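Here are some notes for a colleague who is opening this structure for the first time. They are arranged as numbered points, to be read with the sequence and the coordinates side by side.

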Amino acid sequence: MTNVSGSSLAQQFQQAFGRAPVVVARAPGRVEFIGNHTDYNGGAVLGAAINRSVTVAAGPNADGRFRLRSTSGTPSLDLAAVPAGRLTGAEAWANYPLGVWRSLGDFNLPQPAGFDLLVDSDLPPGAGLSSSAALELATALALLQLAGSGPITPDRLATLGRHAENKYVGVPCGILDQGTSAFGAAGQLVHIDCRGPVFSRVPLPGAVHLWIFNTKEKHALVDGLYATRHRECMEAAKTLGVALLADLTPARLLPLLPKLTAEQAKRAQHIVAEHARVHATGEALAAGDLVAAGRLLTASHRSSQHLFENSTPALDRLVDLLEKHPAVLGARLTGGGFGGAVMALTRDSFTPADAEVIAAQSGSHPEVIHLLTADGARVVG
Ligand code: ADP
Ligand code: MG
């Protein structure tokens, strides 16, 4: 993982393809700040675009070929045409840029006839920081520029990236990843009302430090467990006579709980309270109250742990340790759960040494990443 500067990536492009790129575009990764499994329940989520990103350099290809390379060690491709089906194995990474190219057609946007693309990144793939959305959005901006298109709105860019991932990679992701990467701004969070989706920005009070503790553990049944939670939520909503659980407030849900099975009741309580916590977190941040925001983050984790039951002992242990540290404002699992990473919101005084002590005490050997908020996807050169 390198993420060289745009000009040095241009030099690498020159070496790889024998001429200078025409465009360089960059898109950030993201963390789910708060709002766990609220997206498909019609709720809200707050995401942060982060100072780790994917950068792509691109040029038109006069032969109409599709030449794709990455500095990450994945195989290079040189194709005469975009294949109708998905690429598999080590070449599967190319489904992202090729899926974006195909999506431009689906969205009636101009497509370059062929292109050369070099990808570089300092986002660890699969760490829950959404390297996939960053790759999609950076590619989309670069290809649109190659095709001579005017600017695209962040709404459309996010929707196009999600479409590429859903349809051409085959991952049924929601809008959080692409929405945050498109709308992100340094010093702000992105609020997404997933029902629209409607995007807005929430200013942060001063520099906010985020830390990721990535356990890299993944529950073997994670896809099945995700589907089970989805089903439990939909069944609970149906029994309660609402379209989606986020239609309910905690006060309205309470007298209805006896209608649900014990499992459904726990899932519904989590979703309804989590949706309310996203709103409360936005209010706390608007009031400049990072302490209150931090408490809501930890409350979110406890709800995932005890009600949504998508945490793991390793994630709980990290939150237990982080919660006791005086420079930590709050901590929670981030992403789908059943493994993955914990995010902590800290004061400036929290140091890499503090993080390493907690990582060592946790016993799960997490990878530690210090993050700041950053700007959203853009053409940089
Ligand atoms: P996440 O989005 O959480 O990082 P995903 O599994 O959704 O994890 O996406 C990771 C995939 O995106 C990788 O397996 C790879 O196919 C592609 N990818 C991400 N970064 C790069 C890169 N720098 N070069 C090539 N492919 C990449
Ligand atoms: Mg992804």
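1. This is a predicted model, and a good place to begin is the end of the chain, where D375 is partly exposed, with a relative accessible area of 34%. Its side chain meets that of R378 in a salt bridge, at 3.4 Å from N to O, and R378 is likewise partly exposed, with a relative accessible area of 43%.

2. R378 also leads to the strands, since in β12 this residue stands opposite R26. Strand β12 (residues 378-379) and β1 pair in the antiparallel sense over two bridges, while β1 and strand β2 (residues 44-60) pair, also in the antiparallel sense, over 10 bridges. Within that second pairing, A25 has V56 of β2 as its bridge partner. As for the surroundings of strand β1 (residues 23-34), 11 of its 12 residues are buried, so the strand is largely enclosed by the rest of the structure.

3. The largest nonpolar core has 79 residues, and those touching the most other members are V31, F33, V56, L129 and L210. Helix α3 (residues 131-146) is the element that gives the most to this core, with 10 residues. Both domain 1 (6-203 + 374-379) and domain 2 (208-371) contribute residues, and therefore the core lies between them. In general terms, nonpolar side chains of soluble globular proteins tend to be buried together.

4. Which residues is L210 in contact with, once its neighbours within four places in sequence are left aside? The list consists of V31, F33, A48, M343, A344, L345, I369, H370 and L371, and two of these, V31 and F33, are also among the core residues that touch the most other members.

5. A separate point concerns the open sheet of four strands, whose order is β9-β10-β8-β11, with antiparallel pairing. At its edges stand β9 (328-334) and β11 (367-371), each of which has a single partner strand, so one side of each is left without a neighbour in the sheet. On average, neighbouring strands here are turned by 20° against each other, direction ignored.

6. Inside this sheet, strand β8 (residues 209-218) and strand β10 (residues 339-346) run antiparallel and are joined by seven bridges, with K218 standing opposite G339 in β10. Helix α11 (residues 352-362) packs on the sheet, where it touches β8 and β11, and its direction makes about 25° with that of β8.

7. How many salt bridges does a search of the whole structure find? The count is 18, and one network of them links R229, E232, K266, R267 and E309. Within that group, the side chains of R267 and E309 meet at 2.8 Å, N to O. R267 lies in helix α8 (residues 262-286) and E309 in the loop between α9 (290-308) and α10 (313-324), so this pair ties together parts that are 42 residues apart in sequence. The partners differ in their burial, for R267 counts as buried at 3% relative accessibility, whereas E309, at 32%, counts as partly exposed.

8. A salt bridge within a single helix may be set beside that pair: R231 and E235 have their closest N and O atoms 3.8 Å apart. Because they are four residues apart in helix α6 (residues 222-240), about one helical turn separates them. R231 counts as partly exposed at 42% relative accessibility, and E235 counts as partly exposed at 34%.

Terms used: Residues numbered from 1 in each chain as written. Chains lettered and ligands numbered in written order. Predicted model: local features only at pLDDT ≥ 70, side-chain atom pairs only at ≥ 80, totals over all residues. Heavy atoms only, no water. Core = buried A, V, L, I, M, F, W, Y, C linked by side-chain atoms within 4.5 Å. Buried < 20%, exposed > 50% of the residue type's maximum accessible area, 1.4 Å probe, protein only. Domains from an automatic or database assignment. Contact = heavy atoms within 4.5 Å. Pairing = 2+ DSSP bridges. Salt bridge = Lys/Arg side-chain N within 4 Å of Asp/Glu carboxyl O. Axes fitted to C-alpha atoms, helices over the stretch in contact; angles between N-to-C directions.
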